[in-house]
Amino acid sequence: MSQHPPIPATLIPGDGIGPEIMDATLAALDALEAPFQWDTQAAGLAGVAAAGDPLPAATLESIHRTHLALKGPLETPVGGGYRSSNVRLREEFKLFANLRPVRTLIPGGRYDNIDLVLVRENLEGLYMGYEHYIPIDGDPHAVAIATGVNTRQGSRHILEFAFDYAVAKGRKQVSIVHKANIMKALTGIFLETGRDMYAERYAGKFDCNDVIIDACAMKLVMNPWQFDMLVTTNLFGDILSDLIAGLVGGLGMAPGANIGEHAAIFEAVHGSAPDITGKGIANPIALMLAAAMMLDHVGLADKGERLRTAIDQTLNTDKVRTGDLGGSANTKVFTDALVARIRNG
Ligand code: NAI
């Protein structure tokens with residue numbers, strides 16, 4: 001048995017492949033004797049089915065109590081329907097920072113030796129949901145309007161998080177990604193705040209530069225090694241996080257952490273993958289890497305590192321890989337091999 005005192009945490013299996021990859025991740029955490037004391041709750045479509053609400057009160061209460069959650073993907077209807085439960089969770093718990101590290105896990109791919117960290121602002125920008133239509137001549141959707149809001153305080157908050165992370169982890173460079181040439185106010189405030197903060201408090205601790213979002217996307221594809229850490233506003237961060245996931249073999253490999261002052265929620269970057277749900281073939285690595293970040297977050301970095309090492313050994317020594325990585329293993333075969341690696345060291 002683990003000697004560590006139990007750590008209360010909320011468990012949200014999620015929709016689609018969520019329960020499949022969550023079972024796999026729990027098997028890994030059990031093998032590590034991670035001392036989480038889970039309170040299982042529903043959200044997304046599962047929340048609607050269980051409690052008539054994509055974000056049931058019991059789920060919110062649980063996270064208010066534990067301040068910590070591991071979450072599977074949640075489905076969001078496109079166009080109409082309910083608002084994203086993910087966005088609501090970020091708002092409810094003021095999870096202002098979205099931390100998305102990507103690392104090459106399988107050498108010899110199109111891009112080798114990738115080690116990038118993206119920090120995305122999680123609460124502001126064009127994701128605030130200030131949207132409406134203007135009807136004209138009987139067309140109810142003749143004009144669509146969205147308002148983005150970035151604040152000095154919000155920009156400061158996320159830039160400070162990114163810069164402090166760079167110092168704590170010894171990163172070499174932080175690139176501030178923006179579109180201040182066109183959206184001069186909305187993203188200009190972010191760039192201006194970043195430049196000022198770096199000059200005032202962080203100069204010399206790491207290099208800092210800035211890059212326009214479209215050029216950044218091109219440069220990441222042409223030569224990703226020129227970047228070390230990226231910090232950017234909400235929408236750009238959403239897009240770039242999928243792009244950098246692609247550099248290391250796709251969404252099945254990319255974890256994310258949503259971090260606020262009083263709560264942290266860990267998840268895979270990918271969605272509920274309805275096209276493969278129920279087939280037992282999903283790659284659980286992204287959620288497992290999110291669990292490793294959660295272990296780091298609660299001060300159990302040794303277990304986080306053991307999990308990452310076991311993933312590496314399973315992929316590269318045992319060559320057990322799921323279909324999205326060109327292998328033939330299903331979720332269970334991969335998980336059994338991983339658990340054996342954890343148990344046998
Ligand atoms: P998706 O990420 O679910 O799927 C995109 C493609 O990647 C699919 O072909 C899928 O099979 C594949 N894929 C994703 N994860 C995989 C894994 N672990 N192993 C193997 N293949 C994997 O994106 P999509 O289809 O756009 O979204 C589906 C639903 O998920 C939507 O309702 C969306 O709103 C939601 N979503 C939720 C997120 C969250 O809760 N954090 C994030 C992104 C999307």
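In the predicted model, Leu230 is a buried residue, with a relative accessibility of 0%, and its place is in strand E10, which covers residues 229–232. Not counting residues up to four places away in sequence, Leu230 touches Val117, Leu118, Val119, Ser175, Val177, Cys216, Leu220 and Leu240. Arg90, by comparison, stands 140 residues from Leu230 in sequence, and the C-alpha atoms of these two residues are 20 Å apart in space.

A contrasting setting is found at the surface, where Ile134, Ile136 and Ile145 form a nonpolar patch with about 210 Å² of accessible area together. Of these residues, Ile134 belongs to strand E6, which runs over residues 125–136, and Ile134 is partly exposed, with a relative accessible area of 34%. Because residues of such a patch must have over 30% relative accessible area, the value of 34% for Ile134 is in keeping with its place there.

Helix H11 comprises 14 residues, 331–344, and reaches 20 Å from its first C-alpha to its last, close to the 20 Å expected at 1.5 Å a residue. At the start of H11, a side-chain oxygen of Asn330 comes to within 3.1 Å of the backbone nitrogen of Lys332, and just after the helix Gly345 adopts a positive phi of about 75°. The buried residues of H11 are Thr331, Phe334, Thr335, Ala337, Leu338, Val339 and Ile342. Their cover includes helix H1 (18–31), helix H9 (285–297) and helix H10 (301–316). In general, an α-helix has 3.6 residues a turn, so residues three or four places apart point the same way. Within H11, such a spacing can be followed among the buried residues, including Thr331, Phe334, Leu338 and Ile342.

Helix H11 also takes part in a charged pair, in which Arg341 forms a salt bridge with Asp318, the closest N and O atoms being 2.8 Å apart. This pair links distant parts of the chain, with Arg341 in helix H11 and Asp318 in the loop between H10 and H11, 23 residues apart. Both partners are partly exposed, the relative accessible area being 22% for Arg341 and 30% for Asp318. Elsewhere, salt bridges that share partners join Asp115, Arg171, Lys172 and Asp228 into one network.

Across the structure there are 16 salt bridges. Side chains of opposite charge can pair when their charged atoms come close. One of these pairs is formed by the side chains of Glu267 and Lys71, which meet at 2.8 Å, N to O. Because Glu267 lies in strand E12 (residues 264–268) and Lys71 in strand E3 (residues 68–71), this salt bridge ties together parts that are 196 residues apart in sequence. Glu267 counts as buried at 6% relative accessibility, and Lys71 is likewise buried, with a relative accessible area of 2%.

A further salt bridge joins Asp210 to Arg195, with the closest N and O atoms 3.1 Å apart. Here too the pair links distant parts of the chain, since Asp210 is in strand E9 (residues 207–212) and Arg195 in helix H6 (residues 188–202), 15 residues apart. Whereas Glu267 and Lys71 are buried, Asp210 is partly exposed, with a relative accessible area of 32%, and Arg195 is also partly exposed, with a value of 45%.

Conventions
Residues are numbered from 1 along each chain as its sequence is written. This is a predicted model: local features need pLDDT of at least 70, side-chain atom pairs count only at pLDDT 80 or more; totals for chains, interfaces and linings use all residues. Side-chain values use heavy atoms; hydrogens and water are left out. Patches are made of residues with over 30% relative accessible area and no salt bridge: like charges are joined within 9 Å, nonpolar side chains (Val, Leu, Ile, Met, Phe, Trp, Tyr) within 5 Å. Accessible areas come from the Shrake-Rupley method with a 1.4 Å probe; for residues, only the protein chains shown count as cover. A salt bridge is a side-chain nitrogen of Lys or Arg within 4 Å of a carboxyl oxygen of Asp or Glu. Helices (H or I, at least four residues) and strands (E, at least two) are DSSP runs, numbered from the N terminus. Buried means under 20% relative accessible area, exposed over 50%, partly exposed in between (1.4 Å probe, protein chains only). Contact means heavy atoms within 4.5 Å. The expected span of a helix is 1.5 Å times one less than its number of residues. A polar contact is a pair of N or O atoms within 3.5 Å; within protein, one must be able to donate a hydrogen and the other to accept it, and residues adjacent in sequence count only if both atoms are side-chain atoms.
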